[in-house]
Every structure is written in structure tokens, then in C-alpha cells.
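Biologist: I'd like to go through this model with you, one question at a time. Shall we pull it up?

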Amino acid sequence: MPAMTLDKKEVFMSELRKGVQAVKKGDLSYLVNDRQRMIRFQPWLGDSLSIFYDLIMARSLFPRKFGSDMVLHYRILAQACVGVHGKRVLELGTGSGSAVHFLKPNNRYVGTDISGGLLRQAVKRFRQAGFEDTEFYVVSANDLPFERASFDLCLCILSLNFFGDTEKIFQGVKQVLATGGTFLCSIPVPERNRLQSRIRGTLHSEMEYKQICREAGFRYEPILRENGALLYFKAVKQETRK
Ligand SMILES: C[S@@+](CC[C@H](N)C(=O)[O-])C[C@H]1O[C@@H](n2cnc3c(N)ncnc32)[C@H](O)[C@@H]1O
């Protein structure tokens, strides 16, 4: 994990866990390590290539890899977010800011991604969409730096397969979600991959996601829509039994 010496020292607070140090550089916040260095990552799509991201999604990933309709994708997610107003929303793997297509701007939105290049695009997109209460962190979904119960909704759209240890991600999300909070996911699953395309990362079946949800203390709620290789579901955080 490459680190960089600090050149901006604007210490930043908000929903960060006590003891976590961060700095803001431009529109993005970065965590700081023990040696006072900004933590950066090496994203799969290098920062310089991130300008092609939307084109790759529209021309390649949706039609050719997933066999999915992008317009339908956002319609399904918008339907899943009906009634989401004035909430504290976290997204894992924000990318270039696709959530503006289905999330209302009257929510507080905290975007996270390991790619600063993509997050900078997301910043612009959220601004244009009229979001007024946002933060964007260059952090890994594998190590969320936020206080317990800081969010009502966590989004993870087409990103879960990139994070590696899915069970660990669910544990992390459980920490930062309030009880009754929702983890809304969209993810390709092998049993719907009728084009037999090679999809990067760790893939699980719907059955496996159900089990991961149950074991992590979430109630699995399927979203009964078909869109190529994509599965849509909500995982609702259950009250912890004493
Ligand atoms: C296929 S893109 C999906 C982006 C966006 N949610 C969308 O629907 O367009 C996957 C994203 O996950 C991000 N990513 C990969 N590994 C990550 C990690 N460990 N933590 C946070 N984000 C990560 C990538 O940089 C990329 O933006």
C-alpha cells in the first residue's frame, strides 16, 4: 500500500472513529498512518485510465460481460431507494458516482473508494446532481474507519467481488450501520452469468450471499428482478441478541 508524505494538513472529523487521523486534499479525504503519511492505494484501473471508466461500463461491462441493461439497472436501484430521504448513506466502491442515478440528493452521502481518480469524477457528478452534504474518502472497504452505527444505508453496487473477503466486508458494514439499517447490493452471480463471461474477483452464488448475511447478523431480502448476470438484494441489520 503506497503512502505519501503530507503536503496538506487540514485535519478532518465527521463520522470517523476516534483516533483515526485524516487529511483533506482537494475534495478528497485520506487517512494518515503512524508515520504521518497519507495512505494511497493502487486501483485496478489506474487513476489516469479512470476517465474511460463510464465508457467501459456502458459499452463493455453491462452489455458484454453481464448481459444487463444499464437503464434497467438504475431503475431497479431507484425503486429500492424509494423513501430514502434525509438518511446517512455510505457507499463502498463509489467509482465515478453512479449512485446519483438512483439516490435522492437530500441524503447525506459518504463515498469511499481506493481510486482517487474515480472519486474525483464522483465529486463533480454529485455536485451537478445537487447533493449538498457529501464526503469522499480514499479508503478500502476492507478497513472502514467510521464510528459504529454512523449510517442508515450502505450501498455496494458492482463492487463486492473486488474486495476479497466478503464475510469480513459484511462484518465491517454491520459495525458502521445502525440497527435496522440496510446494506443494498448489486453484484454479478455465477448462476445468472448466461454469457459465461469471465468476471473479475470473488464471486458467490445467491445461496452463499444468503448464508453470509445470516451468519453476519443480517436479514436477507431478495429484490425479485432479473437483469442479466446481476443479483440485487438488501441485507437488513438485525438487533444483536444479548
Ligand atoms: C466496477 S466498479 C463499480 C463502481 C460503482 N459502484 C458503479 O456502480 O459504477 C468497482 C469499484 O470498486 C473499487 N474498489 C476496488 N477494490 C476496492 C476496495 N478494496 N475498497 C474500496 N473500493 C474498491 C474500484 O476502484 C471501483 O471503483
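Biologist: Is Gln36 buried, partly exposed or exposed?
Modeller: Keep in mind that this is a predicted model. Gln36 sits in the loop between E3 and strand E4 (37-39), and its phi is near 60°, a positive value in a residue other than glycine. Its relative accessibility is 36%, so Gln36 counts as partly exposed.

Biologist: And Leu158, buried or exposed?
Modeller: Leu158 belongs to the loop between E8 and helix H4 (166-176). Phi of Leu158 is near 60°, again a positive value in a residue other than glycine. The cut-off for buried is under 20% relative accessible area. Leu158 comes in at 11%, so it counts as buried.

Biologist: On to the ligand. Which residues come nearest to it?
Modeller: There are 21 residues around the ligand. That shell divides into two charged, eight polar and 11 nonpolar residues. The ones that come nearest are Tyr53, Gly93, Asp113, Ala141 and Ile157.

Biologist: How much of the ligand's accessible area does the protein cover?
Modeller: Let's start with the polar atoms. Nitrogen atoms of the ligand lie 2.8 Å from a polar backbone atom of Gly93, 2.8 Å from a polar backbone atom of Ile157 and 3.3 Å from a polar side-chain atom of Asn142. On its own the ligand has 600 Å² of accessible area, and the protein's share of cover is 96%.

Biologist: Which residues touch the most other members of the largest nonpolar core?
Modeller: In soluble globular proteins, nonpolar side chains tend to be buried together. Here the largest such core has 40 residues. Elements that each supply at least two of them include helix H1 (53-66), helix H3 (116-128) and strand E11 (230-237). The members touching the most others are Phe102, Leu103, Tyr109, Phe126, Phe136, Leu155 and Leu184.

Biologist: What is Phe102 in contact with, leaving aside its neighbours within four places in sequence?
Modeller: Phe102 is one of the core members that touch the most others. Strand E8 (151-157) and helix H2 (70-80) each supply at least two residues of that core. With those sequence neighbours set aside, the contacts of Phe102 are Tyr74, Leu77, Ala78, Cys81, Leu155 and Ile157.

Biologist: How many residues are in the second core?
Modeller: This one is separate from the largest core, and Val139, Phe151 and Phe170 are among its members. Ala141 is in there too, and we met Ala141 earlier as one of the residues that come nearest to the ligand. The size of this second core is 35 residues.

Definitions and conventions. Residues are numbered from 1 along each chain as its sequence is written. This is a predicted model: local features need pLDDT of at least 70, side-chain atom pairs count only at pLDDT 80 or more; totals for chains, interfaces and linings use all residues. Side-chain values use heavy atoms; hydrogens and water are left out. A residue is near a molecule or strand if one of its heavy atoms lies within 4 Å of it. A polar contact is a pair of N or O atoms within 3.5 Å; within protein, one must be able to donate a hydrogen and the other to accept it, and residues adjacent in sequence count only if both atoms are side-chain atoms. Accessible areas come from the Shrake-Rupley method with a 1.4 Å probe; for residues, only the protein chains shown count as cover. Ala, Val, Leu, Ile, Met, Phe, Trp, Tyr, Cys and Pro count as nonpolar, Asp, Glu, Lys and Arg as charged, and the others, Gly among them, as polar. A nonpolar core is a set of buried Ala, Val, Leu, Ile, Met, Phe, Trp, Tyr and Cys residues joined through side-chain atoms within 4.5 Å. Buried means under 20% relative accessible area, exposed over 50%, partly exposed in between (1.4 Å probe, protein chains only). Helices (H or I, at least four residues) and strands (E, at least two) are DSSP runs, numbered from the N terminus. Contact means heavy atoms within 4.5 Å.
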